[in-house]
Amino acid sequence: MKALKVLVIDDEQVICDACRLVLSEKGHAVTHCMTGKDGLHEIENNAYDLILLDMKLPDIDGSRILAFIREKSPTLCVIVMTG
């Protein structure tokens, strides 16, 4: 399996750490952001194969980020996470 470049956008450190641990053990490169603003910046400036997106962020609603992703890269794989 090809190593993926994964972006995790979640405001809970424990979730970010768990995603990084599991995915990096499988050889994937993981970047995480804890705010929607930082996540949007990453999406605008870097290419990712997969995004793990929390819908409840402290600054920007996850649905706004998802709409931005769909507009910019409609084929990009996004897994939506929510409590």
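D11 sits in the loop that runs between β1 (5–9) and α1 (13–25). The model is a predicted one. With a relative accessible area of 31%, D11 is partly exposed, because that class lies between the buried limit of 20% and the exposed limit of 50%. D11 also belongs to a negative surface patch, together with E12, D38 and D59. Patch members need over 30% relative accessible area, so D11, at 31%, qualifies on that count. The loop residue has a partner in space as well. D11 and T35 are separated by 24 residues in sequence, yet their C-alpha atoms are 6.0 Å apart.

Turn next to strand β2, which covers residues 29–33. H32 is found in this strand. Its relative accessibility is 24%, so H32 counts as partly exposed. Measure from here to D17: the two residues are 15 apart in sequence and 8.7 Å apart in space, C-alpha to C-alpha.

Helix α2 spans residues 36–45. E42 lies in this helix. Is E42 buried or exposed? E42 is buried, because its relative accessible area is 18% and the buried class takes in values under 20%. From E42 to P74 the C-alpha distance is 16 Å, with their positions 32 residues apart in sequence.

After α2 comes the loop that leads to β3 (50–54), and D49 is in that loop. Here the charges pair. The side chain of D49 meets that of K2 in a salt bridge, at 3.6 Å from N to O. K2 belongs to the segment before β1, so this pair links distant parts of the chain, 47 residues apart. Side chains of opposite charge can pair when their charged atoms come close. The cut-off for a salt bridge is 4 Å, so the 3.6 Å contact of K2 and D49 falls within it. How many salt bridges does this rule give? The count comes to one. The two partners differ in cover. K2 is exposed, at 57% relative accessibility, whereas D49 is partly exposed, at 29%.

Helix α3 takes up residues 62–72. Which of its residues are buried? They are G62, I65 and I69. These three cover an arc of only 60 degrees around the axis, so they lie on the same side of α3. The helical repeat fits this picture. An α-helix has 3.6 residues a turn, so residues three or four places apart point the same way. On the face of α3 turned away from the buried side are the exposed residues R64 and E71. The helix thus has a buried side, with G62, I65 and I69, and a face turned away from it, with R64 and E71.

Look again at G62, one of the buried residues of α3. G62 has a relative accessible area of 0%, so it counts as buried. Now compare its position with R20. The two residues are 42 apart in sequence, and their C-alpha atoms are 20 Å apart in space.

Two charged features thus come into view. One is the negative patch of D11, E12, D38 and D59. The other is the salt bridge between K2 and D49.

Note on methods
Residues numbered from 1 in each chain as written. Predicted model: local features only at pLDDT ≥ 70, side-chain atom pairs only at ≥ 80, totals over all residues. Heavy atoms only, no water. Patch = residues over 30% accessible without salt bridge, like charges linked within 9 Å, V, L, I, M, F, W, Y side chains within 5 Å. Areas by Shrake-Rupley, 256 points an atom, 1.4 Å probe, with all protein chains shown as cover. Lys, Arg positive; Asp, Glu negative; His and termini not counted. Charge placed at Lys NZ, Arg CZ, Asp CG, Glu CD. Helix = DSSP H or I, 4+ residues; strand = E, 2+ residues; numbered from the N terminus. Buried < 20%, exposed > 50% of the residue type's maximum accessible area, 1.4 Å probe, protein only. Arc of directions from axis to C-beta.
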